[in-house]
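Reader: I am in my first year and should like to study one part of a protein model closely. Would you please take one chain and explain what lies inside it and what it meets outside?

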Amino acid sequence: MDHHARRPRPDITYLSRRIRPTSTPTGPEPGRIPAARTDVSLSPAPSSGLSLERPTASSVGLSLERPRAGTGGPGTGDRGSRPTLLAPVRDSARLFSAPGFTDTRQLSEDAPIVRLNARQSGIGTLLVHGARSTAWEDIDQVTGAENVHGETAGVASPTAGNRKLVAFHDGSAAVTLRHVQRFRRAIFIAQDEPLVVSLFGEAALAVSPKTPDGKSAVLYISRIDSLLELRADYVEAADDQAIWAGFGFTMTTPTHVHTGRR
Amino acid sequence: MASMIPGSNAALTAENPGLRKVLVAFGWTITQSLGPQAELVPMAIMCGQDGLALSDDHLVFFNQLATPEGSMEFVGADDQEQIDVDLAAVPEDVRKIAFVVYVDPDLRGPGNFGAVKNAYVRLADETHRELLRFDIPSGNQMQVKAMLFGELYRHSGGWKFRAIGQGYQNGLAGVAADYKLAL
């Protein structure tokens, strides 16, 4: 398999391709931050997509073989050719291009992603109107959920301003953007009406609630460095717990139970 | 160290020859409450000859840490918030840098400056020697949701700092309108 022929999956935002620095003369200069790539197409590559085929012995997978000398990889002992450490590269400098929040009026199966800029991601409240429930995860992997009726699961993520990082407020789910650096990801499960996302400054966009084949919308919001990315996913009808599980949310067990101890 | 009053200015580089970088630090205390409380956010905006922001990227706050050319950076350390300015590297078309502190416009009880006490802005050099300090006068600030603390501005080939302390009742939206920022 030619790994270099693979192209990024624009629909999988939480995975990114890491390129090992090389010591070839064409590599980036030590300490220099590579420029953001702008030549990545959003159209899916013909060869991309998940495959359940068994990999061939010569293709991929972990190998316990000792790396050959001179490859420059970790553990090769080839320190002489190893480049000096690069300056830290902010994740947002390596993002594929995506529409901005005001570039589109509606997210759908065909146009599922927008990315907020740093100002939009850090000012005021991100509101999601029309959600039946939300589940969140903060940077400490504290996970919780709440539905529009106020029922909760897991653990809330408080912030310094005495507001929860993600919670329902007046029937809409709210994300406290002053503390966006504590935010890791969240999902917002739609009802039968469109989800409407709004930001400081009155900007708003809608999320189509269903696909023609009856799948329901789940808005997935993740933080990449200082930027929030919004993605519309569509899932078969299911209860909230099944959807949490589908998105990899496992509720944190509360520890503030009353034990009767003094 | 010089204490400033609203409207006063100080010849920052003339009085400190060789000053290349300046640390602009902000501090305050908030009257604690059990409910949602005001959360203050410092922001620095680079402005051109017309007094407007050079672009939306020419500002720094906690979630946008540096201007494109890197002469102004948001850092956090001893004070609540700090912003570093490399005076020598500030683009020539920047005529002033405005230092604003706004109450985050959260929809759930955003608050105002009424609960804010002992607010100040101070300027220090690279060795953290304090050069200027402006303590925001106390008073009834219940209507204030953002405040222009002061400005660094070019003057006769150098930089001066003006203490201002002007409140905005319309908060960050008013700041955005004044500087033509798309927030």
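Author: The account below concerns chain B, moving from its overall make-up to its interior, its second helix and its contact with chain A.

The model is a predicted one. Chain B contains 2 helices and 12 strands. Followed along the sequence, these elements come in the order β-β-α-β-β-β-β-β-β-β-β-β-β-α. Chain B has 183 residues, of which 56% count as buried. If one takes the contacts in chain B between residues at least 6 apart in sequence, 65% of them join residues at least 24 apart.

A single residue may serve as the point of entry to the interior. I83(B) belongs to strand β7 of chain B, which covers residues 81-86. Is I83(B) buried or exposed? Its relative accessible area is 0%, and since a residue counts as buried when that value is under 20%, I83(B) is buried. What does I83(B) touch, if residues up to four places away in sequence are not counted? Its partners are V22(B), L23(B), V24(B), F26(B), M43(B), A44(B), V60(B), M72(B), E73(B), F74(B), V75(B) and F99(B). A further distance may be read from the C-alpha atoms: those of I83(B) and L123(B) are separated by 9.6 Å, although the two residues are 40 apart along the chain.

Another residue of strand β7, whose range is 81-86, is V85(B). The largest nonpolar core has 94 residues, and V85(B) and L152(B) are the ones that touch the most other members. With residues up to four places away in sequence again left out, V85(B) touches R20(B), K21(B), V22(B), V24(B), S71(B), M72(B), V90(B), I97(B), F99(B) and L152(B). A second core, separate from this one, has 12 residues, among them A135(A), A145(A), W244(A) and M251(A).

The second helix of chain B, α2, spans residues 171-179, and its buried residues are G171(B), L172(B), G174(B), V175(B), A176(B) and Y179(B). Why might buried positions recur along a helix? An α-helix has 3.6 residues a turn, so residues three or four places apart point the same way. Among what covers the buried residues of α2(B) are four strands of chain B: β4 (40-47), β8 (96-103), β11 (146-155) and β12 (158-168). Just after α2(B) comes K180(B), which takes a positive phi of about 55 degrees.

There remains the contact with the other chain. It takes 28 residues from chain B and 26 residues from chain A. Together the two chains bury about 2,200 Å², with 51% of that on carbon and sulfur atoms. On the side of chain B, the residues that lose the most area to chain A are E39(B), N63(B) and R108(B), which together account for 33% of what that side buries.

How many salt bridges are counted between chain B and chain A? The count is 4. One salt bridge joins the side chains of R178(A) and E81(B), at 3.3 Å from N to O. Polar contact between chain B and chain A involves 20 residue pairs. Two elements of chain B, β4 and α2, give two or more residues to the side that touches chain A. That side of chain B divides into 15 nonpolar, 6 polar and 7 charged residues.

Methods. Residues numbered from 1 in each chain as written. Chains lettered and ligands numbered in written order. Predicted model: local features only at pLDDT ≥ 70, side-chain atom pairs only at ≥ 80, totals over all residues. Heavy atoms only, no water. Buried < 20%, exposed > 50% of the residue type's maximum accessible area, 1.4 Å probe, protein only. Contact = heavy atoms within 4.5 Å. Core = buried A, V, L, I, M, F, W, Y, C linked by side-chain atoms within 4.5 Å. Buried area = accessible area lost by both parts, 1.4 Å probe. Polar contact = N/O pair within 3.5 Å; in protein donor to acceptor, adjacent residues only side chain to side chain. Nonpolar A, V, L, I, M, F, W, Y, C, P; charged D, E, K, R; others polar.
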